[in-house]
Amino acid sequence: MDRNRFAWSLSLYYTTLFLIMGLQLPFLPLWFESRGLSATEISVILAIPMAIRLGATPAMTFVADRMPARGLAILLYSTVAAVLFFGYHAAHGFWAIALVTALVSIFLNPLMPITEAVAMRGARLYAVDYGRIRLWGSLSFIAANIVGGAIVAEHGGPGALLALNGAAVLTALAALALPRREPRSVQSETGRASMRELYGLMRQPAFAGVLIGSGLIQASHAMYYAFGSIGWVGEGISPSTIGLLWATGVLVEVVLFAVSGRVVALIGVRGLFAAGAGIAVLRWALMTVQWPTALYFPIQALHAATFGATHLATMNYLTETAPDRHASGAQGLYFTVYGLLTGAATLVAGPLYRAYGTGGYAAMAVLAALGAVFLAVSLRRR
């Protein structure tokens, strides 16, 4: 596979994969509600993917590392996930919907870490900018939010599920264009991957500390993801303006990804981590205060550092430290740690918001600061 084909095939796959995410996160709960599920039942079902991450995602990413090519694993998992998504149409009642959700999550959850591994390794091999490939996912997420909102406004929850079915099928088709053969330098190591060695990475204090530190910074977004819009509505900000605020956060992230090669070369992994942690503390401290609407836009622009810089630093760190034979597995470990910390922070965010309102963002600033401590100690050990 040549350089150009690698770049466009990964860009296309990120685009379709993020279509699923941009539809699933905001709109699938509406379909659950249309099936008559209660708020408690919906919350339990939404927690299932987080539970699946704990055991299934590292195992599925490990299996991907044992395959002849990770592109084949992506194709297999994408196809099975697309088929399983249709199972929702036949599911009635809590237990049937919970079962379909669990099965979908087993194959959908590992797609992102495996794709990140392919993108980061391929970016080095073909000398292309990872960020310029990854940004298509962020743009697709925005598009899915907008288009999905229009579909739901017209057709309700059932329309959201049909849109998800279409996105899942497109993702499976896009996987056909991915590389089917590993580079020779990777082929020679793939067969020696072992689960014991993979989990051994987490017994290395520096490696585990970086994953926890990065995960804490990303988990500090939990209150923003769960209650950002609710808080702004309470301040009298219109839904259309709130949509622009969310879009601003993702657009600045896209800008960072577009110039990520230069940024990484300029400040390196440590600099990216420092920016992500420090600006996260600042961002959440600012969010404890009610501001005029116009001032929330520059605060949202900080998302480029709090999420974007932290993500870029983590991807580069994993590429530098994890063996090629465990590229997907190491990503799976990170996404598992990240998911568990975010899930825990989300559970805490609810009571904090009820008790303190936007003052609860102070706890998110503490999480980011704790992440900075983990990173400082761990990167010194490296």
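These are my notebook entries on a pocket, some salt bridges, a surface patch and a few distances in a predicted model.

**Entry 1: the second largest pocket**

I began with the second largest pocket, for which I noted a volume of about 200 Å³. Its lining consists of Met120, Ala123, Arg124, Ala127, Val128, Asp129, Tyr130, Ser260, Gly261, Val264, Leu312 and Asn316. When I looked up which elements give two or more residues to this lining, I found helix H5 (111-126), helix H12 (260-286) and helix H14 (303-321). Sorted by character, the lining residues of this pocket divide into 7 nonpolar, 3 polar and 2 charged.

**Entry 2: Ala127, a residue of that lining**

Ala127, which is among the lining residues of the pocket, sits in the loop between H5 and H6. I looked up its backbone and noted a positive phi of about 55°, although the residue is not a glycine. For context, most residues other than glycine have a negative phi. I then asked myself whether Ala127 is buried or exposed. Ala127 counts as exposed because its relative accessibility is 57%, and the cut-off for that class is over 50%.

**Entry 3: salt bridges**

How many salt bridges does the count come to? The count comes to 4, and I wrote down three pairs, beginning with Arg124, since I had already met this residue in the pocket lining.

Arg124 forms a salt bridge with Glu320, and the closest N and O atoms of the pair are 3.8 Å apart. Arg124 belongs to helix H5 and Glu320 to helix H14, so this pair ties together parts that are 196 residues apart in sequence. On burial, I noted that Arg124 counts as partly exposed, because its relative accessibility is 48%. Glu320 is likewise partly exposed, with a relative accessible area of 38%.

The next pair was Arg134 with Glu116, whose side chains meet in a salt bridge at 3.6 Å, N to O. Here Arg134 lies in helix H6 and Glu116 in helix H5, so the pair ties together parts that are 18 residues apart in sequence. Both Arg134 and Glu116 are buried.

The last pair I looked up was Arg70 with Asp65, where the closest N and O atoms of the salt bridge are 2.7 Å apart. Arg70 counts as buried because its relative accessibility is 3%. Asp65 also counts as buried, and the value there is 0%. I kept the cut-off beside these values, as buried means under 20% relative accessible area. As a general remark, side chains of opposite charge can pair when their charged atoms come close.

**Entry 4: a nonpolar patch on the surface**

I next turned to the surface, where Phe86, Val169, Leu170, Leu173 and Leu176 form a nonpolar patch with about 430 Å² of accessible area together. I followed up one of these residues, Leu170, and placed it in helix H6 (residues 130-174). Leu170 counts as partly exposed, because its relative accessibility is 43%.

**Entry 5: distances between residues separated along the chain**

Which residue did I pair with Ala219, and what separates their C-alpha atoms? The partner was Ala368, 149 residues apart from Ala219 along the chain, and the C-alpha atoms of the two are separated by 8.1 Å. Ala219 has its place in helix H9 and is buried, with a relative accessible area of 1%.

I then returned to Glu320, the partner of Arg124 in a salt bridge, and looked up how it stands to Met202. The two residues are 118 apart along the chain, and their C-alpha atoms are separated by 15 Å. Met202 lies in the loop between helix H8 (195-200) and helix H9 (205-219), and it counts as partly exposed, with 26% relative accessibility.

For Phe32 and Ser140, I noted 108 residues in sequence and 24 Å in space, C-alpha to C-alpha. Phe32 is found in helix H1 (residues 3-34) and is buried, its relative accessible area being 1%.

Finally, I looked up Val44 and Arg325, which are 281 residues apart along the chain and whose C-alpha atoms are separated by 35 Å. Val44 belongs to helix H2 (residues 39-66), and I recorded it as partly exposed because its relative accessible area is 40%.

Notes:
Residues are numbered from 1 along each chain as its sequence is written. This is a predicted model: local features need pLDDT of at least 70, side-chain atom pairs count only at pLDDT 80 or more; totals for chains, interfaces and linings use all residues. Side-chain values use heavy atoms; hydrogens and water are left out. On a 1 Å grid over the protein atoms alone, a cavity is a set of points where a 1.4 Å probe fits but cannot get out, and a pocket is an open set with protein on both sides within 12 Å along at least five of seven lines; lining residues have an atom within 4 Å of a point. Grid points are joined across faces, edges and corners, and a volume is the space filled by probe spheres set on the points. Helices (H or I, at least four residues) and strands (E, at least two) are DSSP runs, numbered from the N terminus. Ala, Val, Leu, Ile, Met, Phe, Trp, Tyr, Cys and Pro count as nonpolar, Asp, Glu, Lys and Arg as charged, and the others, Gly among them, as polar. Patches are made of residues with over 30% relative accessible area and no salt bridge: like charges are joined within 9 Å, nonpolar side chains (Val, Leu, Ile, Met, Phe, Trp, Tyr) within 5 Å. Accessible areas come from the Shrake-Rupley method with a 1.4 Å probe; for residues, only the protein chains shown count as cover. Buried means under 20% relative accessible area, exposed over 50%, partly exposed in between (1.4 Å probe, protein chains only).
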